[in-house]
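Student: I have a model open and would like to work through its helix packing and its sheet. Can we take it step by step?

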Amino acid sequence: MASSLISRQFALSLQKNLWLSAPGCRYVSKAAPKTQVEFDYDGPSMKTSVPGPRSQELTKQLGDIQNVGAINFFCNYDESRGNYLVDVDGNRMLDIYTQISSIPIGYNHPALLKLMSNPNNLSTLVNRPALGILPPENFPEKLAESLLSVAPSGMARVQTMACGSCSNENAYKAMFIWYRNKERGHNTPSEEDLSSCMINQVPGCPELSILSFMGAFHGRTMGCLATTHSKAIHKLDVPSFDWPIAPFPKLQYPLEEFTRENAQDEARCLEEVEDLIIKWRQKGKPVAGIVIEPIQAEGGDNHASPNFFKSLRNIARKHGCGFHVDEVQTGGGNTGKLWAHEHWGMDDPADIVSFSKKLLTGGYYHKDELQADKPYRIFNTWMGDPTKNLLLAEVLNVIRRENLLEEVTRSGKALLNGLYELQAQYPGLLSRARGQGTFCAIDICDDATRSSILLKARDKGVLLGGCGDRSIRFRPALVFKEYHVDIFLNIFNDVLAQHK
């Protein structure tokens with residue numbers, strides 16, 4: 001295996017080599033040896049079509065046990081390294097989707113392997129506590145080293161959870177509890193509150209709502225589904241709440257050519273938000289909170305300007321609504337900052353910020369006033385996993401030590417510039433290249449062509465993901481370098497040339 005791992009000599013040669021591609025689309029790598037990740041492979045290597053025979057066999061076996069409709073292929077995680085995912089048929093693919101944007105520093109990072117092999121960490125691995133009632137001795141210390149060390153501006157409290165959906169679900173509950181206590185003027189429920197909630201009736205189960213946005217994705221659990229509006233398959237046949245849904249801006253690209261039109265569309269959406277808040281109050285279902293993603297990911301990588309989010313924050317304050325920023329997919333560094341909302345330049349960006357994916361554990365940060373007022377109100381058995389906090393602390397060390405956020409900014413610029421060039425070369429296929437850091441996307445002419453491009457790219461050794469109606473999204477690990485961008489762009493160019 002050592003012979004197949006990338007070496008310093010190869011990194012140096014990448015600085016000089018010209019990666020060949022179709023005429024008019026050539027990329028020169030600018031890899032720097034000092035930032036070389038030596039646990040990476042030197043490129044994709046494909047032995048079979050994907051899924052290969054072994055993957056197909058395992059899919060059939062698992063199909064006798066559970067639904068396998070979404071499975072792409074089975075993986076050999078022991079052999080996967082850095083930016084490369086290896087499947088059970090020996091195919092090695094450059095992974096620019098990273099387990100739906102959830103791998104922070106690549107596969108089998110040496111720092112994490114070393115951490116997990118430390119005998120002092122065995123207890124954390126073996127004993128998973130019910131954190132809400134019996135946390136381990138070092139839990140406050142580990143939270144300080146990990147999550148609190150990167151807390152959003154104005155927040156010193158964090159509640160750990162297991163995943164993105166349960167993080168958002170409990171964040172909604174926190175906003176409802178906070179809002180209801182404001183209405184009462186105190187936090188002591190009446191006897192009527194206590195009895196009526198047991199039969200799902202008011203006033204104990206109040207008619208409150210959460211305002212969300214068309215195109216949003218906040219999870220697949222019941223409350224989250226009421227705020228998810230990206231794909232019908234997520235919501236079909238599941239009862240939901242009568243909660244307001246506002247339009248999200250539809251920016252036109254390139255941004256500099258549509259400044260006026262985009263500002264007008266954002267103003268239209270903000271006006272609709274205020275109208276909906278007033279309308280739902282009149283309906284007797286006041287908006288307790290607004291939830292929004294800094295970039296709508298699942299819904300199609302939809303962006304809005306910092307001014308839009310600043311104005312939305314002010315609207316929430318004006319109407320007494322909690323403001324919940326869902327950073328489950330955008331958090332963790334892919335935008336070039338640890339939190340995407342940092343790009344807004346606000347001292348007080350939110351009341352609640354939820355996270356998961358690249359942060360390895362789920363949970364949400366919150367203002368003091370959104371602290372649960374009684375035990376067991378925000379609660380489940382595990383409420384997270386101390387092992388993930390341990391891993392996250394080391395991930396953050398690696399990010400700082402290797403200046404990975406700066407790396408993301410460089411790689412993201414190279415990726416977006418490459419997408420701009422390909423977009424110009426294939427105007428009938430590609431449009432609306434956009435992104436922040438390596439959190440990028442590009443639109444394909446139609447859904448069928450997108451599906452074909454994704455499969456052809458996979459067969460050539462590049463894993464990508466779709467989002468929205470016809471977008472391809474890029475979600476690499478933070479160790480994705482400029483020479484990985486070059487490898488991708490040349491393979492992607494070959495795929496596009498077949499469709500030209």
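Student: Are α11 and α12 roughly parallel or roughly antiparallel to each other?

Tutor: This is a predicted model. In it, helix α11 (residues 259-282) packs with helix α12 (residues 306-318) at an angle of about 15°, the axes being 10 Å apart. Angles under 35 degrees count as roughly parallel. The relation of α11 and α12 is therefore roughly parallel.

Student: Into which classes do the residues of the contact of α11 with α12 divide?

Tutor: On the α11 side the contact includes Glu266, Leu270 and Ile277, and on the α12 side Phe308, Ser311 and Lys318 are among the residues met. The division of the contact residues is seven nonpolar, one polar and three charged.

Student: Which strands are at the edges of the open sheet of seven strands?

Tutor: The strand order is β5-β11-β10-β9-β8-β6-β7, and the pairing is mixed. An edge strand pairs on one side only, which applies to β5 (157-161) and β7 (245-246).

Student: Which residue in β10 stands opposite valine 325?

Tutor: Strand β9 (residues 322-326) pairs with strand β10 (residues 352-355) in the parallel sense, over three bridges. Opposite valine 325 stands valine 353.

Student: Over which residues is the pLDDT below 50?

Tutor: The chain has a mean pLDDT of 93, with 92% of its residues at 70 or more. One stretch has a pLDDT below 50, although beyond near neighbours in sequence it has 72 contacts in the model. Where pLDDT is low, predicted coordinates should not be read in detail. The stretch is residues 1-37.

Technical notes
Residues are numbered from 1 along each chain as its sequence is written. This is a predicted model: local features need pLDDT of at least 70, side-chain atom pairs count only at pLDDT 80 or more; totals for chains, interfaces and linings use all residues. Side-chain values use heavy atoms; hydrogens and water are left out. pLDDT is the predictor's confidence in each residue, from 0 to 100. Contact means heavy atoms within 4.5 Å. Axes are lines fitted to C-alpha atoms, for helices over the stretch in contact, and angles run from 0 to 180 degrees between N-to-C directions. Helices (H or I, at least four residues) and strands (E, at least two) are DSSP runs, numbered from the N terminus. Angles under 35 degrees count as roughly parallel, over 145 as roughly antiparallel, 65 to 115 as roughly perpendicular and the rest as oblique. Ala, Val, Leu, Ile, Met, Phe, Trp, Tyr, Cys and Pro count as nonpolar, Asp, Glu, Lys and Arg as charged, and the others, Gly among them, as polar. Two strands pair if DSSP finds at least two bridges between them.
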